[in-house]
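Please find below my notes on the pockets and the sheet. Each point can be checked against the coordinates.

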Amino acid sequence: MYIKLMKHLELSKEEMKAYGYKIVDVLAEHFDSLHTKDAVGHGNREEMDALFSEEMPYKATSANDVLDHVTKDVLSQVNLPSHPKFYSFVPGPSNFISAMSDSLATGFNIFSGSWSGSAAATKLEIISIHWLLKMFSFPIKTGGGIFTSGGSMANLTALATARSVKCGEDFSKACIYLSDQAHSSNIKAIRVLGFKKEQVRIIPTDMEFKMSINKLKNAIARDKLNGLQPFCILATAGATNTGSVDPLEAIATISKKENLWLHVDAAYGGGVILADAGKKLLTGIRKADSLTVDPHKWFFQPYEMGCLLVKNHKWLSKTFSEKPEYLRDVEGNKSEINFYDHGIQLTRRFRALKFYMSVKTFGLDAFKKGVQYSLKLTEDLEDLLRLSPHWEIISPATLAIINYRYNPINYKLSEKELDKLNEHISKKITESKKALLVTTILQDQVVLRMCLINPRTTIDDVKETINLCEDYAQKYLDEIFESPNTKL
Ligand SMILES: Cc1ncc(COP(=O)(O)O)c(C=O)c1O
């Protein structure tokens with residue numbers, strides 16, 4: 001029975017090669033032709049239902065037919081986060097070496113949960129974590145970390161650790177502090193961990209979208225006076241909306257004085273540490289107790305790869321170690337780390353491989369160039385927009401993110417009208433499929449947000465998109481404001 005089943009799930013060596021080469025061809029073509037493709041692959045529910053609804057496939061279909069169907073109907077109807085004109089959310093530039101490394105890790109189906117499961121895989125994760133610890137000036141001797149599926153899981157793992165170290169079993173009076181610009185994954189993590197709304201303090205940000213130190217101090221003082229237990233400050237280094245970095249030095253001083261855990265969510269912004277200006281832009285980050293940084297963002301790795309770094313690896317093992325009887329034979333000695341003891345997952349894919357192989361292949365200098373290029377590109381765009389009578393910068397180029405809105409100086413438009421106009425521009429751009437440029441809200445204004453971390457994006461790409469925005473905006477204004485009285 002076993003043999004029969006396996007036989008039916010297996011291909012001959014020649015079939016595997018032919019199939020694999022076909023996939024490599026698809027991927028090579030994809031990476032090579034990104035510039036000529038649409039960035040957006042939106043399809044509505046009815047279209048997707050019509051394409052994919054079918055009975056359960058009990059009978060076999062030829063492997064080539066399935067692959068052709070996927071290439072034609074699936075891969076053509078997805079957004080492309082690696083596309084040079086994918087400007088929204090956090091793009092995923094990725095790279096071919098890592099994509100191939102992921103295939104190796106999956107092909108060998110490597111178990112990265114324990115040392116005995118795969119010693120070399122564990123060692124590569126340790127080495128990669130050490131590189132990251134070094135970059136952020138965390139201590140190599142005591143420090144540690146773990147690769148996760150992404151920033152959300154890294155933040156959850158960090159906050160579980162912070163709670164365990166600072167509060168132990170009873171966290172009924174514990175309070176946590178984060179800004180109104182902190183990423184939503186942190187609120188999710190706080191909820192998952194069982195904190196009540198009343199235990200969360202959302203600290204307002206200043207005009208630059210950075211956590212207000214005065215308001216943070218006030219909140220901690222009040223909670224102490226009320227007999228509560230402040231236990232953790234969560235600072236952001238590279239806010240998703242604006243790229244802003246909270247005043248990390250000042251926050252670290254407060255957390256030290258008040259004996260609070262400092263977690264820094266640098267899931268997005270952490271990559272800037274590679275740039276010459278990075279240490280300055282992230283001043284104070286080395287004082288964090290824990291730090292989230294996502295290789296699948298500005299370290300150019302494909303999904304899914306987040307990372308949590310901690311000052312003391314024992315905090316992780318203290319929080320997550322369980323010793324079930326069925327794992328007693330794989331415990332190993334103390335120097336042989338079992339990553340299942342450092343986080344939530346037991347079975348873990350070999351995420352470190354793509355990081356290790358791509359860093360070694362390209363060299364960190366290439367990564368650094370990519371990050372510096374993005375910083376400069378965003379600054380160039382800011383200069384360009386400031387020279388135009390149509391555009392208003394709402395938050396300037398910061399860690400490769402910029403927010404602006406169409407606000408032509410020869411029209412008198414109310415705030416409501418401006419919001420509608422910019423929503424219209426975003427909708428039309430996305431409908432064109434040429435670029436993905438969605439809005440966000442900053443200080444009650446609808447703005448267009450660009451995140452330019454993809455080194456494939458050129459200034460010409462950005463100019464083309466801005467020109468397209470201007471065309472859509474002008475058409476809209478011409479339709480809405482027929483009367484010249486509304487113009488200045
Ligand atoms: C600052 C920040 N933290 C956390 C996350 C969540 O990361 P992920 O989507 O990898 O779970 C993001 C995602 O954009 C982010 O920008």
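1. The second largest pocket holds about 510 Å³ of space. A pocket here is an open set of points on a 1 Å grid over the protein atoms alone, where a 1.4 Å probe fits, with protein on both sides within 12 Å along at least five of seven lines. Points are joined across faces, edges and corners, and the volume is the space filled by probe spheres set on them.

2. This is a predicted model, in which local features need pLDDT of at least 70 and side-chain atom pairs count only at pLDDT 80 or more, while totals for chains, interfaces and linings use all residues. Residues are numbered from 1 along each chain as its sequence is written, and side-chain values use heavy atoms, with hydrogens and water left out.

3. Lining residues have an atom within 4 Å of a point. The second largest pocket has 30 of them, and Lys210, Val245, Leu281, Thr398 and Leu399 lie nearest its centre. Two or more residues each come from helix 10 (248-258), helix 11 (278-281), helix 15 (364-386) and strand 8 (391-398). Helices (H or I, at least four residues) and strands (E, at least two) are DSSP runs, numbered from the N terminus. Strand 8 gives the largest share, five residues.

4. Where does the second largest pocket lie with respect to domain 1 and domain 2? Domain 1 (102-364) and domain 2 (368-486) both contribute to its lining, so the pocket lies between them. The domain bounds come from an automatic or database assignment.

5. Strand 8 also belongs to an open sheet of four strands, ordered 8-9-11-10 with antiparallel pairing; two strands pair if DSSP finds at least two bridges between them. Strand 8 and strand 10 (439-442) are the edges, each with a single partner strand, so one side of each has no neighbour in the sheet. From one strand to the next the twist averages 35 degrees.

6. Strand 10 pairs with strand 11 (residues 445-451) over four bridges, and Ile441 is opposite Val446 in strand 11. Helix 16 (residues 415-432) packs on the sheet, in contact (heavy atoms within 4.5 Å) with strand 9, strand 10 and strand 11. Its direction makes about 35 degrees with that of strand 11; axes are lines fitted to C-alpha atoms, for helices over the stretch in contact, and angles run from 0 to 180 degrees between N-to-C directions.

7. Helix 15 lies across strand 8, strand 9 (401-406) and strand 11, at about 160 degrees to strand 8.
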